[in-house]
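I opened the notebook to go through one structure, step by step. These entries keep the order in which I looked things up.

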Amino acid sequence: MPAEGGAVLRQPHENVLTVLVDPAVLRELELDLVASDLWVWPVSTAPICADGPRAAFQLRRRLVEARRGAWDVAATWVPVWIAFGETWRHGTDPLPWEAHTALYRLLDAHAAQVRYRKGLTGVPRLAVGREAA
C-alpha cells in the first residue's frame, strides 16, 4: 500500500525469534522469559496459524534439516516464537539492541535445551503484553 511520497507501508507485524525448545523445559523457560516481558507462543497453538500443528511440523523440520545433523537432538522439540512485550517497545522505534541481548542471554542459560539462530523474523500481530492481559 503506497504511502505519502510513494513509500510502501509494511503490514503490521510482530518481531519474533523462532526457537526449538525441549518440551521438558518449555514451562520453566516460559516462566523465565515472562519475568523479562518476553512472551512464548508455541507455533502449534498460535492464534495466527490456521493449521498450527502442520505449521509447527514444517518449521521444526526446516530448522533441523538446515543444520545437517547438528540439531538432530531437536527433531521432536517444540517450535515457539518469542515476542517482546510492551516494556521493550518505544512507540514505532525499532526494538533496542538491549532487548535482543536480554533474550539471547536468557536463552543461553538454557543452551542444552534450546536451539535457535540469531535474528528476528516478522509474523502477523500476536496478542502481546497489554493485549494479552
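**Entry 1. Cut-off first.** I take buried to mean under 20% relative accessible area, and exposed to mean over 50%. The model is a predicted one.

**Entry 2. The aromatic pair.** I searched the whole structure for aromatic pairs and got 1. The partners are Tyr 104 and Tyr 116, and their arrangement is stacked. I noted 5.8 Å centre to centre and 5° between the planes. Planes under 30 degrees apart count as stacked.

I then asked where the two rings sit. Tyr 104 belongs to helix H3 (residues 97–108) and Tyr 116 to strand S4 (residues 114–116), so the pair ties together parts 12 residues apart in sequence. Are Tyr 104 and Tyr 116 buried or exposed? Both are buried.

**Entry 3. The chain as a whole.** I stepped back to the fold. The protein chain has 3 helices and 5 strands. Along the sequence, I read the pattern as β-α-β-α-β-α-β-β. The chain has 133 residues, and 39% of them count as buried. I also looked at contacts between residues at least 6 apart in sequence. Of these, 75% join residues at least 24 apart.

**Entry 4. Helix H1.** Which residues of helix H1 (residues 26–34) are buried? I listed Leu 26, Leu 29 and Leu 33. These leucines cover an arc of only 65° around the axis, which puts them on the same side of H1. I followed their packing next. The buried residues of H1 pack against S1, strand S2 (38–42), strand S3 (78–84), H3 and S4.

**Entry 5. The largest pocket.** I turned to the pockets. The largest pocket has a volume of about 410 Å³. I count 16 residues in its lining. Nearest the centre of this pocket lie Arg 89, Gly 91, Thr 92, Asp 93 and Arg 125. Which element gives the most to the lining of the largest pocket? Strand S1 (residues 13–21) does, with 3 residues. By class, I noted 5 nonpolar, 5 polar and 6 charged residues in the lining of the largest pocket.

**Entry 6. The second largest pocket.** For the second largest pocket I noted a volume of about 160 Å³. Its lining consists of Leu 17, Thr 18, Leu 59, Leu 63, Trp 71, Arg 115, Tyr 116, Arg 117, Gly 119, Leu 120 and Thr 121. S1, helix H2 (52–66) and S4 each give two or more residues to this lining. The lining of the second largest pocket divides into 6 nonpolar, 3 polar and 2 charged residues. I recognised Tyr 116 in that lining, the residue I had met in the stacked pair with Tyr 104.

**Entry 7. Thr 18.** I picked one lining residue of the second largest pocket, Thr 18, and looked closer. Thr 18 is in strand S1. Its relative accessible area is 17%, so Thr 18 is buried. Leaving aside neighbours within four places in sequence, I found Thr 18 in contact with Leu 59, Leu 63, Val 80, Trp 81, Tyr 116 and Thr 121. I checked Leu 59 further. Thr 18 and Leu 59 are 41 residues apart along the chain, and 9.1 Å separates their C-alpha atoms.

**Entry 8. His 100.** Next I looked up His 100, which is found in helix H3. I have His 100 at a relative accessible area of 12%, so it is buried. Beyond neighbours within four places in sequence, its contacts are Phe 84, Leu 95 and Leu 120. Leu 120 also appears in the lining of the second largest pocket.

**Entry 9. Positive phi.** I looked up two residues other than glycine with positive phi. Phi of Asp 37 is near 60°. Asp 37 sits in the loop between H1 and S2. Its relative accessible area is 12%, so Asp 37 is buried.

Phi of Arg 68 is near 45°. I place Arg 68 in the loop between H2 and S3. Arg 68 has 80% relative accessibility, so I log it as exposed.

**Entry 10. Pro 53.** Last, I looked up Pro 53, in helix H2. At 54% relative accessibility, Pro 53 counts as exposed. I also took its distance to Pro 42. Pro 53 and Pro 42 are 11 residues apart in sequence, and 9.6 Å apart from C-alpha to C-alpha.

Note on methods:
Residues numbered from 1 in each chain as written. Predicted model: local features only at pLDDT ≥ 70, side-chain atom pairs only at ≥ 80, totals over all residues. Heavy atoms only, no water. Phe/Tyr/Trp six-rings, centres within 6.5 Å; stacked < 30°, edge-to-face > 60°. Helix = DSSP H or I, 4+ residues; strand = E, 2+ residues; numbered from the N terminus. Buried < 20%, exposed > 50% of the residue type's maximum accessible area, 1.4 Å probe, protein only. 1 Å grid on protein atoms, 1.4 Å probe; cavity = no way out; pocket = protein on both sides within 12 Å on 5 of 7 lines; lining within 4 Å. Points joined across faces, edges and corners; volume = space filled by probe spheres on them. Nonpolar A, V, L, I, M, F, W, Y, C, P; charged D, E, K, R; others polar. Arc of directions from axis to C-beta. Contact = heavy atoms within 4.5 Å.
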